[in-house]
Structures are given as C-alpha cells and as structure tokens.
Amino acid sequence: IGVEIKSFTGQSEIKDFEQAIGQYILYEDVLKKIQPERVLYLAIPDEVYRDVFEEPIGQLFLENHHMQLIAFDPENEVIVKWLP
C-alpha cells in the first residue's frame with residue numbers, strides 16, 4: 001500500500017480537506033500508472049476524521065468517491081479506523 005499522511009494544521013479544515021483530496025487524487029493517478037498493484041490510503045488524525053468525514057460534506061464526498069482512509073491517534077501512534 002501507499003499512505004499519504006495529512007495533519008490538517010491550517011486555519012481551515014475545509015481548505016486542508018480540499019488540498020488533501022487534490023493531492024490524494026494526483027498521487028492515486030500516478031500510482032495507478034507506475035505501480036497499479038498498490039492501493040493508496042489517506043491517513044488523517046482521528047479528530048479530523050470526526051470533524052470532517054463524519055459531517056455532511058465529508059459523508060457526501062465519501063458517498064460519491066471511493067477513497068481509502070486511515071484515521072489515527074497521533075498521540076498514541078495507533079490506527080483508530082481503517083476504511084478500505
């Protein structure tokens with residue numbers, strides 16, 4: 001697998017969300033071309049997952065786009081949620 005880790009430390013979670021999605025799509029396209037057997041995951045702090053992806057805009061995005069997500073606890077360095 002490939003994992004793109006994003007921390008969402010900017011002033012706007014929505015702006016960070018937009019940037020992370022754009023990078024994810026770009027990296028996924030590149031991986032499909034050069035290493036098609038690899039699957040790309042977007043790793044985000046569990047708090048960001050709750051704040052963004054459990055809200056209507058995040059749910060809408062996940063309904064319309066297939067994206068693999070990993071929510072992790074940065075303090076304890078453990079995966080909290082794995083969404084293939």
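## Salt bridges, a nonpolar patch and two positive phi angles

The structure holds two salt bridges. The model is a predicted one, and the values below were computed from its atoms.

Side chains of opposite charge can pair when their charged atoms come close. The table lists the two pairs.

| Salt bridge | N to O distance |
|---|---|
| Glu-4 and Lys-6 | 3.1 Å |
| Arg-50 and Asp-46 | 3.3 Å |

In the pair formed by Glu-4 and Lys-6, both residues are buried. The pair formed by Arg-50 and Asp-46 belongs to helix α2, which spans residues 46–53. Within that helix the two residues are four positions apart, or about one turn. Their exposure can be given separately. Asp-46 has a relative accessibility of 17% and therefore counts as buried, since buried means under 20%. Arg-50, with a relative accessible area of 42%, is partly exposed.

The surface also carries a nonpolar patch of about 560 Å². Its contributors are Ile-1, Val-3, Ile-5, Val-39, Ile-79 and Trp-82. Two elements, β1 (2–5) and β4 (78–83), each give two or more residues to this patch. One of the contributors, Ile-5, is placed in strand β1. Ile-5 counts as exposed because its relative accessibility is 57%, and the exposed class begins over 50%.

The backbone offers a further point of interest. Most residues other than glycine have a negative phi. Phe-8 is not a glycine, yet its phi is positive, at about 55 degrees. Glu-77, likewise not a glycine, has a positive phi of about 55 degrees.

Both of these residues are found in loops. Phe-8 lies in the loop that links β1 to α1 (13–34), whereas Glu-77 is placed in the loop between β3 (68–73) and β4. Strand β1 thus precedes the loop of Phe-8 and contributes to the nonpolar patch. Strand β4, which also contributes to that patch, follows the loop of Glu-77.

Are these two loop residues buried or exposed? Phe-8 has a relative accessibility of 9%, so it counts as buried. Glu-77 reaches 71% relative accessibility and is therefore classed as exposed.

In summary, the salt bridge of Arg-50 and Asp-46 lies in helix α2, and that of Glu-4 and Lys-6 joins two buried residues. The nonpolar patch draws two or more residues from each of β1 and β4. Positive phi values occur at Phe-8 and at Glu-77.

Key
Residues numbered from 1 in each chain as written. Predicted model: local features only at pLDDT ≥ 70, side-chain atom pairs only at ≥ 80, totals over all residues. Heavy atoms only, no water. Patch = residues over 30% accessible without salt bridge, like charges linked within 9 Å, V, L, I, M, F, W, Y side chains within 5 Å. Areas by Shrake-Rupley, 256 points an atom, 1.4 Å probe, with all protein chains shown as cover. Salt bridge = Lys/Arg side-chain N within 4 Å of Asp/Glu carboxyl O. Buried < 20%, exposed > 50% of the residue type's maximum accessible area, 1.4 Å probe, protein only.
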